[in-house]
Each structure stands twice: as C-alpha cells, then as structure tokens.
Amino acid sequence: MNTTAAATPEVRFESHATLLDVAIVTLANPGKLNAVSVAMWQALRGVFDGLAEREPLLRCVIVRGEGGTFVSGGDIEEFPAFRFDEARLRHFHEEIVAPALDAMYRCDIPLVAQIERACVGGGLEIACQCDLRIAGQSSRFGAPIARLGFPMACDELAGVARVAGLATAAEILLEARLLDAETALRRGLVHRVVYDDEVAAEAEATAQRIAAGAPRAARLNKRALRLVAPQFHFTEAQRAEFAAYATGPDHREGITAFIEKRKPNFTGS
C-alpha cells in the first residue's frame, strides 16, 4: 500500500496490503490537516458512486485521513470563490457536497471510519456516512461553523443528525463546541475509543471481522438500515431559504476573519 504523502489534495482508493477484499480510501490535503477541497468532494463522489457494482468482491472499506489526522473541515481558503453568491453556494452544497455524502451513504459495502485527531466540519459529515466509527483518545468532533458566520447545509445536517441525534447536533452547531472522544462515545457518535496509536489497528480488526462475514448479508443489512433510519426531506423553498444568507455581511465577515487570522465581528445584520 502506498504510504507516500500526496503533493496535492486528493482522495486515494487502494486495496489493503494484507486484508483480502478490504480497501482503503484516504483523504489527503497536505499542510491543511486534510481539509476537503472542492476537487476532493468530487473525487469522493467518484470513488463511492457505483462502488459496490464495480467491486463485487469487496467486503469492507476503511475511510481515513492522511498522516494521522482524519479531516479538519472544508478548505476555507476556497470559500470566497463561491460562498458569497447564493446560486454558487447552493451548487456547492447541493451538487458537489451532498452527492458525495449520499454516494457514501448509499454504498452497500460496509464503511469503517478510522478517526484520528480532527473530525470537524466536513470531516464529521464524512464520518457520519460510515457504518462504524473508531476513534483515538485525542480525537475531537464538531462543526464550529458558527464562528465562520454560516449554518450547516440541510442535507449535510440531516446526515449528522441521523447519527449524532438532534440534541447533540444542536449543541455542536449552536455552541460551536468540539466534543472529546469520550463524550462522543457516550453520545453514540462513535462506536469505540482506543489509544491513539491503536486506531489504525482497531479499524483494520473491525474491517477484518466484517470481511469474515457473509458479504451479501452485510449489503442487505445496510439496505435494511437505510430503510429504518430517519429520513429528512427538504422542499425547494426550504433549500432557498437556508441558502439566502450567502450575501449577508456576517457570512463574509466570518470567513474573511478566519483567512486573515483574526476574531470576527458579527453584527447580526
């Protein structure tokens, strides 16, 4: 398995070096703690769209970040290019991010999240599409986007709330709070917490246990779980309402302040 750090942002799909019928998907954005760029969202969709049909023998996929960090969020330096225009903002969330997350959710192959250190923003959204989440003791979970002046998009919030529950989703969004690993475990956001240097091994052991089972049964179980999971649907009017903040001054101020490394001054206008 290739362990060389990527020179540019990418999403890699590789067969596991030793586990038969197990693959690894690695999100890599060097120097940015694997913050997800637009191109990475598109690549993530490309990996998971139709994966079960392309890889009929595949029994499990481990989703991880490069270099001992899961995903620190979205690539905020890209945000000014599209976030301040409502049409472009909606295109980003509804045509780029949401389809990538949905491709993961609809994938019939079991997915295991190998969560180390930051699991924030887009990272939390990605982890919530996985079936099992294994976390290290120092990992942190949240979506402190209130500090950037914008809410979580409808479809992305639906995925987080489905796993974390409405109460925890409200806490991490309204307080911009980061949960530690033990709190995430108590809330049911992760399945197991292990020592930091054991996360990869536990994720691999989890994948191995899944791969030892009947693959068709696992895929049918995933389909059944999707049928019984709470469903969230939004009308066109609701989607438009939740994207209308695009041109607001607080939205621009939050992102600009982050890029300029200063405290934002929100006015509420």
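Tutor: Two strands pair if DSSP finds at least two bridges between them. Keep that cut-off in mind for this predicted model.

Student: What makes strand β4 and β6 a pair?

Tutor: Strand β4 (residues 111–115) is joined to β6 by 4 bridges. The cut-off is at least two bridges, so the two strands pair. They run parallel. One bridge partner to look for: Gln114 has Ile134 in β6.

Student: How do you know that β6 and strand β9 pair?

Tutor: Apply the cut-off again. β6 and β9 (residues 192–194) share 3 bridges, in the parallel sense. At least two are needed, so they pair. Here Gly136 stands opposite Val194 in β9.

Student: Why is strand β6 called largely enclosed?

Tutor: Count its buried residues. Buried means under 20% relative accessible area. In β6 (residues 132–136), 4 of the 5 residues are buried, so the rest of the structure largely encloses the strand.

Student: Why is Val228 called exposed?

Tutor: Its relative accessible area is 66%. Exposed means over 50%, so Val228 qualifies. Val228 is found in helix α9 (residues 215–228). With Leu225 and Leu227, Val228 forms a nonpolar surface patch of about 370 Å² accessible area together.

Student: What makes an empty space a cavity?

Tutor: A 1.4 Å probe fits there but cannot get out. The search of the whole structure finds 1 cavity of 30 Å³ or more. The largest cavity holds about 130 Å³ of space. It is lined by 14 residues, and those closest to its centre are His93, Ala153, Cys154, Phe242 and Ala243.

Student: Which element gives the largest share of that lining?

Tutor: α3, with 4 residues.

How values were computed:
Residues are numbered from 1 along each chain as its sequence is written. This is a predicted model: local features need pLDDT of at least 70, side-chain atom pairs count only at pLDDT 80 or more; totals for chains, interfaces and linings use all residues. Side-chain values use heavy atoms; hydrogens and water are left out. Patches are made of residues with over 30% relative accessible area and no salt bridge: like charges are joined within 9 Å, nonpolar side chains (Val, Leu, Ile, Met, Phe, Trp, Tyr) within 5 Å. Accessible areas come from the Shrake-Rupley method with a 1.4 Å probe; for residues, only the protein chains shown count as cover. A salt bridge is a side-chain nitrogen of Lys or Arg within 4 Å of a carboxyl oxygen of Asp or Glu. Buried means under 20% relative accessible area, exposed over 50%, partly exposed in between (1.4 Å probe, protein chains only). On a 1 Å grid over the protein atoms alone, a cavity is a set of points where a 1.4 Å probe fits but cannot get out, and a pocket is an open set with protein on both sides within 12 Å along at least five of seven lines; lining residues have an atom within 4 Å of a point. Grid points are joined across faces, edges and corners, and a volume is the space filled by probe spheres set on the points.
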